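Hi everyone, thanks for coming. Please take a moment to look at the sequence and the model on the screen, and then we'll walk through a few spots together.

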Amino acid sequence: MTNLVEVHYAQTGKSSNTDALGMREMQAMVYAQRNRQHLLVKAPPASGKSRAMMFVALDKLANQGIKKVIVAVPQQNIGRSFNDTPLSKFGFFTDWRVAPYWNLCVAAGSENSKKSIVREFLDHPTAKTLVCTHATLLNALNGIESEKLDNVFFGIDEFHHGSADEGSRLGTFIRRLLNETSAHILAMTGSYFRGDAVPVMRPEDEALFQPTINYNYYQQLNGYRWLKSLGIGYSFFQGNYLSAIPDVLDTTKKTLIHIPHPNSKTGAFMNKHDQVAEILKCIGEVVSRDYNNNLYKVKSADGRILTVGDLVEDKPEQRALLQSYLHRMNSRDSLDILIALGTAKEGFDWEWCEHCITIGIRASLTEVVQIIGRCTRDCEGKTHAQFTNLIPCPDAAQDDVTMAVNDFLKAISASLLMEQVMAPKWNFKTKPDEEPETPAVPGSKDNDPHVIEVRDLPPLNDKTKAIVENDLDTLVATTLSDKNIREAIIGEGMAEMITEVYIPKIIRDTYPDLTDEEVDAVAKHTILTIATQGEEVVGPDDSGNKFIKIANKFINLNDLDINLIAEINPFQRAYEVVSKSLTPETLRTIQYVIEDKGSEHLTDEEAILLFTKYLPKWRAENPGRDKPELTDSDPTARRIAMAIEHLRQLKRRKLAQQ
């Protein structure tokens, strides 16, 4: 198994320590904004979002005129996070209580019966708090009068399940709350981006939540007390993935295994129940089964008795027994290994989990980041967390190599995303033409070692400053998951295409109300953030200069120029990481598939830039040749050839229209 990312933490304890009200750092940040009607919290898994919601909800009930609180989670098992919690024990003015009848993530019953209970709750004279799933909430409140939702506080967990798309039921419901009611909303998510690239909220709706509350991975994980490091890596298999399980599974570690979907190529060779049975054999010998909790007792090769849970089970009653057990477990010895398919991802709380093994890549980067979050909770006795992506090895002889390549590139993108958000954040400001005569005051922001002055960096206005301060992680995530950018990574000298065409397009699509100048300013900050993250800063040296390594070049931070970024490829490191660990044959396969599939997605802007700037360079390097061919061995040359053909066809279409 090869780690793409290995991050070590300072263990400051800052994010785990609590204040006089029993609040951790992130929770106190949210509580300070409790009087706002609309709150959007972006914070990583295990940072304490659920309890933050409790603090705000209880204050709104006691002090802000809110009559009722409804908390909605994506899946029933996530409702465990909102069980009764003795907050007053740690300094808060009251406790979080949900009567069993109103906790629809625990109560049995059909969806129709739960729908009736939600409506009953709204009319009940004394009931205050209810917990349910997104689906139950949407079913129950469909068609209900808007007046009944006035002065209700809605806590929406894993908010990225909704979107700006007309077809999103959750997104439509949120827009209804914003436009037709006086309801209060606290929206929380550990990943404010979606794998389908659809915005979570429309700009005009998101503006109502500004400023957002951001708490990134670096703040969270660097402030842990016990966890020292996190590894994010991959392991390849050929043929049947079960043959690789013994190589990646360490049964001495608390492990969460996500098997592939039965409809995927990786999981189609065997039904899901047989896959679980084979994984159990890899763990050891099944010696007994606890039918009351749907658990297996498995004897490992060295004689240890392990407790293994099976969430792949189809029978609702069996799965409910295990979910109930998972809700109740309160010690490290309660569970050793958990096998799941579509559950135990976002919001699933198993603090002792040390290793997540994901077989194949799921639908989106969001899902990958959420799964990684299952093992990054801080607890005594856990010093290292590991995420391993077990993926099919791309092979030239493979029939469907595209699937493997796409999965692999998603894994790379997710890893780079995690690396970016866990690195210290640089703040950029425009470097003045003339240095001020007055020296910076020690300890002031002007003397902040994490502030970099950059020549020719466009200034930010209030609108773009809010985006840069609140949404850079989201923009980086979207950028790294963009197909065009992933394809351009392999091309030589393609930095200009990424920085001048692809990233501005992403920003225009995300923020359609920005002017061209505002798009340019946000794009340059995004590019600088990516270019300067994840590499060691060297210095200060004897001369007082500091250097940062960008694309294998050490750049003097005192001389950083925004125009320099267009000359390098800040994404090239993705390809460098790959090339360290893969065979030349695999790389050639990846390269071929990317270029072969990418031609049809060439945009007019990219084609013009390739034709006007890259074609002359190519001609200078290839005297005697007028243009490259589509069969050229060099990927950039092939891309230029595609651009020439694209422009030829564009010209034909325009002539035909004339």
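Let me start with a question: in which helix do aspartate 509 and lysine 505 both lie, and how many residues apart are they? The helix is α15, which covers residues 495-510, and the two are four residues apart, about one turn of the helix. Their side chains meet in a salt bridge, with 3.0 Å from N to O. Lysine 505 is partly exposed, at 41% relative accessibility.

Before I go further, please keep in mind that this is a predicted model. Now for the overall picture. The protein chain has 658 residues, and 55% of them count as buried. Along the chain there are 21 helices and 20 strands. If you take the contacts with a separation of 6 or more, 73% of them are between residues 24 or more positions apart.

Back to salt bridges. Here is the general idea: side chains of opposite charge can pair when their charged atoms come close. How many salt bridges does a search of the whole structure find? The search gives 14.

One of them is between aspartate 59 and arginine 34, at 3.5 Å from N to O. This pair links distant parts of the chain, with the partners 25 residues apart. Aspartate 59 sits in helix α2, residues 49-63, while arginine 34 is in the loop between α1 (25-31) and β2 (38-42). Are these two buried or exposed? Aspartate 59 has a relative accessible area of 4%, so it counts as buried, because buried means under 20%. Arginine 34 comes out at 24%, so it is partly exposed.

Next, have a look at glutamate 518 and lysine 463. They form a salt bridge too, and their closest N and O atoms are 3.7 Å apart. Here again distant parts of the chain are linked: glutamate 518 belongs to helix α16 (residues 516-531), lysine 463 to helix α13 (residues 462-480), and 55 residues separate them. Glutamate 518 is buried, with a relative accessible area of 11%, whereas lysine 463 is partly exposed at 36%.

Now let's move on to a pair of helices. In general, two packed helices are described by the angle between their axes and the distance between the axes. Helix α4, residues 134-141, packs against helix α5, residues 169-180, at an angle of about 55 degrees, and their axes are 11 Å apart. Why do we call them oblique? An angle of about 55 degrees is neither under 35 nor in the range from 65 to 115, so α4 and α5 are oblique to each other. The crossing of α4 past α5 is left-handed.

Which residues meet there? From α4 we have His134, Leu137, Leu138, Asn139 and Leu141, and from α5 there are Arg169, Leu170, Phe173 and Arg176. Sorted by class, this contact has five nonpolar, two polar and two charged residues.

My last stop is asparagine 103. You can find it in the loop between β3 (68-73) and α3 (111-123). Its relative accessibility is 5%, so asparagine 103 counts as buried. What does asparagine 103 contact, leaving aside its neighbours within four places in sequence? Asparagine 103 is in contact with Asn83, Val98 and Val131.

That's it from me. Thanks for listening, and do have a look around the model yourselves!

How values were computed:
Residues are numbered from 1 along each chain as its sequence is written. This is a predicted model: local features need pLDDT of at least 70, side-chain atom pairs count only at pLDDT 80 or more; totals for chains, interfaces and linings use all residues. Side-chain values use heavy atoms; hydrogens and water are left out. A salt bridge is a side-chain nitrogen of Lys or Arg within 4 Å of a carboxyl oxygen of Asp or Glu. Buried means under 20% relative accessible area, exposed over 50%, partly exposed in between (1.4 Å probe, protein chains only). Axes are lines fitted to C-alpha atoms, for helices over the stretch in contact, and angles run from 0 to 180 degrees between N-to-C directions. Angles under 35 degrees count as roughly parallel, over 145 as roughly antiparallel, 65 to 115 as roughly perpendicular and the rest as oblique. A crossing is left-handed if the near helix is turned anticlockwise from the far one by less than a right angle, and right-handed if clockwise. Contact means heavy atoms within 4.5 Å. Ala, Val, Leu, Ile, Met, Phe, Trp, Tyr, Cys and Pro count as nonpolar, Asp, Glu, Lys and Arg as charged, and the others, Gly among them, as polar.
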